[in-house]
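Me: Got a minute to walk through this one with me? I'd like to get the overall picture and then poke at some side chains.

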Amino acid sequence: MDGVKNKRFVLTAAHCRSARGLLHLTQQQVAEAAGVSERTIQLFEADERRSYRDTLKRIQVAFEKRNIEFLNSGSLGVRLRGEDRASE
């Protein structure tokens, strides 16, 4: 979890949708990268099913390998790593 400092971070459906949007990925592409089914991504993003901790970790790692940074715990905070670094 490169971008997440808090070990209690929980990936939410909103995080997933936002990260996917930033990367212009389809649900199928995220599923393939994370090694889960497309249906798993669909249900998770629609808040229709809770995912196992391992599944969430796989999805999170798939995004982080593509330079997504999750900025906070539980609240929406997603950006591409390297954005706005000049102002820090």
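**Chat notes on the fold and its rings**

Reply: Sure. Of the 88 residues in the protein chain, 39% count as buried. Keep in mind that this is a predicted model.

Me: OK. How many helices and strands does the protein chain have?

Reply: Four helices and two strands. Going from the N terminus, the elements run α-α-α-α-β-β.

Me: And what share of the contacts join residues at least 24 apart?

Reply: Taking contacts between residues at least 6 apart in sequence, 57% join residues at least 24 apart.

Me: What about the surface, how much does the protein chain expose?

Reply: About 5,500 Å², and carbon and sulfur atoms supply 46% of that.

Me: Switching to rings. How many aromatic pairs are there?

Reply: The count comes to two aromatic pairs. One of them is F9 with F70: the ring centres are 5.5 Å apart and the planes sit at 40 degrees.

Me: Why is that pair called tilted?

Reply: Because 40 degrees falls between the cut-offs: under 30 would be stacked and over 60 edge-to-face.

Me: Where do F9 and F70 sit along the chain?

Reply: F9 is in the segment before helix 1 (13-23), while F70 is in strand 1 (residues 68-70). They're 61 residues apart, so the pair links distant parts of the chain.

Me: Are those two buried or exposed?

Reply: F9 and F70 are both buried. For F70 the relative accessibility is 0%.

Me: And the other pair, which rings are in it?

Reply: F63 and F70, with ring centres 6.4 Å apart. Their planes are at 70 degrees, so this pair is edge-to-face. The centre distance still makes it a pair because the cut-off is 6.5 Å.

Me: Why does F63 count as buried?

Reply: Its relative accessibility is 2%, and buried means under 20%.

Me: So which residues form the aromatic cluster?

Reply: F9, F63 and F70 form one cluster. F70 pairs with F9 and also with F63.

Me: Different topic: E45. Which helix is it in?

Reply: Helix 3, which covers residues 38-45.

Me: Is E45 buried or exposed?

Reply: Buried, since the relative accessible area of E45 is 5% and the cut-off for buried is under 20%.

Me: What is E45 in contact with, leaving aside its neighbours within four places in sequence?

Reply: A13, C16, R17, R20 and Q27. Among them, A13, C16, R17 and R20 have numbers that fall in the 13-23 range of helix 1.

Methods
Residues numbered from 1 in each chain as written. Predicted model: local features only at pLDDT ≥ 70, side-chain atom pairs only at ≥ 80, totals over all residues. Heavy atoms only, no water. Phe/Tyr/Trp six-rings, centres within 6.5 Å; stacked < 30°, edge-to-face > 60°. Buried < 20%, exposed > 50% of the residue type's maximum accessible area, 1.4 Å probe, protein only. Contact = heavy atoms within 4.5 Å. Areas by Shrake-Rupley, 256 points an atom, 1.4 Å probe, with all protein chains shown as cover.
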